[in-house]
Amino acid sequence: MEIEALYEIYRQHPVITTDSRDCPSGSIFLSLKGESFDGNKFAASALDKGCAFAIVDEKEYADESDARYILVDDCLATFKALARHHRRQFHIPVIGITGTNGKTTTKELVSAVLSEKYNVLFTQGNFNNDVGVPKTLFRLAPEHEIAVVEMGASHPGDIKTLVETVEPEYGIITNVGKAHLQGFGSFEGVVRTKGELYDYLRRNPESEVFIDAGNEHLMGIADGLNLIKYGTEPVEGLRVRGEVVECAPFLHFRWTDGKDWYDVHTHLIGSYNIYNMLAAATIGLHFGVTPGAICHALSSYEPSNNRSQLTETEHNHLIVDAYNANPTSMAAALRNFRDMQVEPKMAILGDMRELGDSSEAEHQKVVDFLAESGLDNTWLVGEAFAKTKTSLRKFADIEEVKSAIAECQPQGYYILIKGSNGIKLYQLPERL
């Protein structure tokens with residue numbers, strides 16, 4: 001079946017479900033596959049529960065006598081193609097965002113700023129993979145005036161596939177760093193993969209890229225693009241420049257559009273977040289949001305999902321950044337924590353996953369930095385940290401940490417909690 005014909009069916013039944021446990025009446029069931037499941041096996045059940053159609057990609061699960069089955073070559077490819085066709089029905093600006101660190105925070109800040117003037121469609125949570133991105137695009141509706149779509153990657157080619165689904169006219173790579181090295185193979189592989197967004201935008205001479213002018217890796221792959229620059233150094237051609245005033249503990253910064261300076265007190269922890277803030281201010285200005293409205297959005301934004309959050313409990317102040325971790329983000333978080341004018345300080349750090357052959361060296365770099373950081377107390381959690389050479393206290397897993405907290409409740413600390421999501425450090429705040 002051609003995409004145009006399938007889209008006509010979608011217009012009559014504009015709800016697509018990929019979960020056979022959630023089958024709204026009249027919806028379309030799409031049979032996706034994963035490492036441990038095959039959605040084709042649930043197509044019949046989805047129809048019985050109320051779906052109007054079931055899209056499958058294995059002939060044995062399609063009853064040829066039942067017109068409700070739609071057989072395609074590849075359900076995931078069909079999902080993305082159908083989402084792209086839906087996106088093409090809306091002639092609005094679409095901004096694509098990717099990067100090693102900060103892409104979700106930047107997406108939320110950009111969306112907050114643009115929402116001061118527009119009805120914005122933006123990625124919910126971290127729905128930034130080859131299933132989440134199509135789901136985001138299917139939420140596009142006539143009332144939307146601009147879209148902000150986040151795209152993540154863990155292997156070469158991931159961004160190329162996603163950007164060809166999203167088809168943005170504007171793009172931003174927040175930064176490139178050491179993450180998912182097991183999938184990318186090297187830091188250079190990370191740069192090339194994130195740069196697939198730039199490669200796509202080069203096809204359209206009218207496309208524009210928002211870029212940190214001080215990032216040599218990004219500037220080095222940005223030839224031939226229309227650049228709208230921001231940064232912290234007073235270089236020529238900046239649309240927005242900013243500087244950190246203080247982090248005590250929240251980021252307080254100021255920025256200029258080249259005419260006036262604007263002061264912003266944020267609810268974010270970490271001086272590194274100034275780049276996310278400046279990106280949002282730059283994009284806001286480009287789309288006609290006033291400086292006053294930009295400042296209002298940035299100062300009002302409060303983080304969630306365990307990203308740069310400060311939580312005050314009965315016993316401690318917690319700096320929770322437990323959603324994910326890689327060498328670049330870990331180093332930035334530790335440098336910022338070291339420089340924060342608060343005391344006493346404690347860190348609970350979990351393993352950084354998916355680093356491949358670089359894992360041992362990268363975890364040793366962390367503990368070497370910790371030896372010079374002057375923190376009052378540090379706990380390390382996970383198999384990778386267990387292999388490091390350090391006298392710091394080590395825990396095999398989250399359960400051992402919970403037991404230690406129950407035995408000797410830390411009191412009166414500012415505690416940085418950071419690690420890969422799989423270490424489950426997000427379970428700790430309620431105990432601290």
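At 33% relative accessibility, Arg 338 counts as partly exposed. Its salt-bridge partner is Asp 339, with N and O 3.0 Å apart, and Asp 339 is likewise partly exposed, because its relative accessibility is 44%. The model described here is a predicted one, and this pair is a handy way into its charged contacts. Elsewhere, Lys 33, Asp 57 and Glu 58 are joined into one network by salt bridges that share partners. Over the whole structure, a search finds 18 salt bridges.

Glu 164 deserves a closer look. One salt bridge links Glu 164 to Lys 160, and the closest N and O atoms of that pair are 3.2 Å apart. Both residues belong to helix H6, which spans residues 158-166, and because they are four residues apart, about one helical turn separates them. In an α-helix there are 3.6 residues a turn, so residues three or four places apart point the same way. Lys 160 has a relative accessibility of 42% and so counts as partly exposed; Glu 164, at 24%, is partly exposed too. The side chain of Glu 164 also meets that of Arg 203 in a salt bridge, at 2.9 Å from N to O. Arg 203 sits in the loop between helix H9 (196-201) and strand S9, whereas Glu 164 is in H6, so this pair ties together parts that are 39 residues apart in sequence. Arg 203 counts as exposed because its relative accessibility is 54%, and exposed here means over 50%.

Attention can now turn to the sheet. Nine strands form an open sheet with mixed pairing, in the order S6-S7-S5-S8-S9-S10-S11-S12-S13. Its edges are strand S6 (120-122) and strand S13, each of which pairs on one side only. On average, neighbouring strands are turned by 20° against each other, direction ignored. Helix H11 packs on this sheet, where it touches S5, S8, S9, strand S10 (227-231), strand S11 (238-247), S12 and S13, and the direction of H11 makes about 145° with that of S11.

Strand S8, residues 170-173, offers a detailed view of the pairing. Four bridges join S8 to strand S5 (residues 94-98), and these two strands run parallel. Ile 97 stands opposite Ile 172 of S8. Strand S9 (residues 208-212) is joined to S8 by three bridges, and this pair is parallel as well. Within S9, Val 209 is the bridge partner of Gly 171, while Phe 210 is the bridge partner of Ile 172. Tyr 170 and Ile 172 point one way from S8, Gly 171 and Ile 173 point the other way, and all of these residues are buried.

The helix packing can be followed from H11. Two packed helices are described by the angle between their axes and the distance between the axes. For H4 and H11, the angle is about 35° and the axes are 9 Å apart, and the crossing is right-handed. On the H4 side, the contact involves Thr 105, Thr 106, Leu 109, Val 110, Val 113 and Leu 114, which meet Asn 276, Met 277, Ala 279, Ala 280, Ile 283 and Gly 284 of H11. The residues of this contact divide into eight nonpolar and four polar, with no charged residue.

Asn 276 gives a close-up of that contact. This residue lies in H11, which covers residues 274-286. Asn 276 counts as buried because its relative accessibility is 7%, and buried here means under 20%. Leaving aside residues up to four places away in sequence, Asn 276 touches Gly 102, Thr 105, Thr 106 and Leu 109.

Helix H12, residues 291-300, completes the picture. Its buried residues are Pro 291, Ala 293, Ile 294, Cys 295, Ala 297 and Leu 298. Which elements help to cover these residues of H12? The cover includes helix H4 (103-114), strand S12 (250-256), strand S13 (261-269) and H11. H4 and H11 are thus met again here: both help to cover H12, and they also pack against one another with their axes 9 Å apart. The strands S12 and S13 return as well, since both are touched by H11 where that helix packs on the sheet.

Key: Residues are numbered from 1 along each chain as its sequence is written. This is a predicted model: local features need pLDDT of at least 70, side-chain atom pairs count only at pLDDT 80 or more; totals for chains, interfaces and linings use all residues. Side-chain values use heavy atoms; hydrogens and water are left out. Buried means under 20% relative accessible area, exposed over 50%, partly exposed in between (1.4 Å probe, protein chains only). Contact means heavy atoms within 4.5 Å. Axes are lines fitted to C-alpha atoms, for helices over the stretch in contact, and angles run from 0 to 180 degrees between N-to-C directions. A crossing is left-handed if the near helix is turned anticlockwise from the far one by less than a right angle, and right-handed if clockwise. Ala, Val, Leu, Ile, Met, Phe, Trp, Tyr, Cys and Pro count as nonpolar, Asp, Glu, Lys and Arg as charged, and the others, Gly among them, as polar. Two strands pair if DSSP finds at least two bridges between them. A salt bridge is a side-chain nitrogen of Lys or Arg within 4 Å of a carboxyl oxygen of Asp or Glu.
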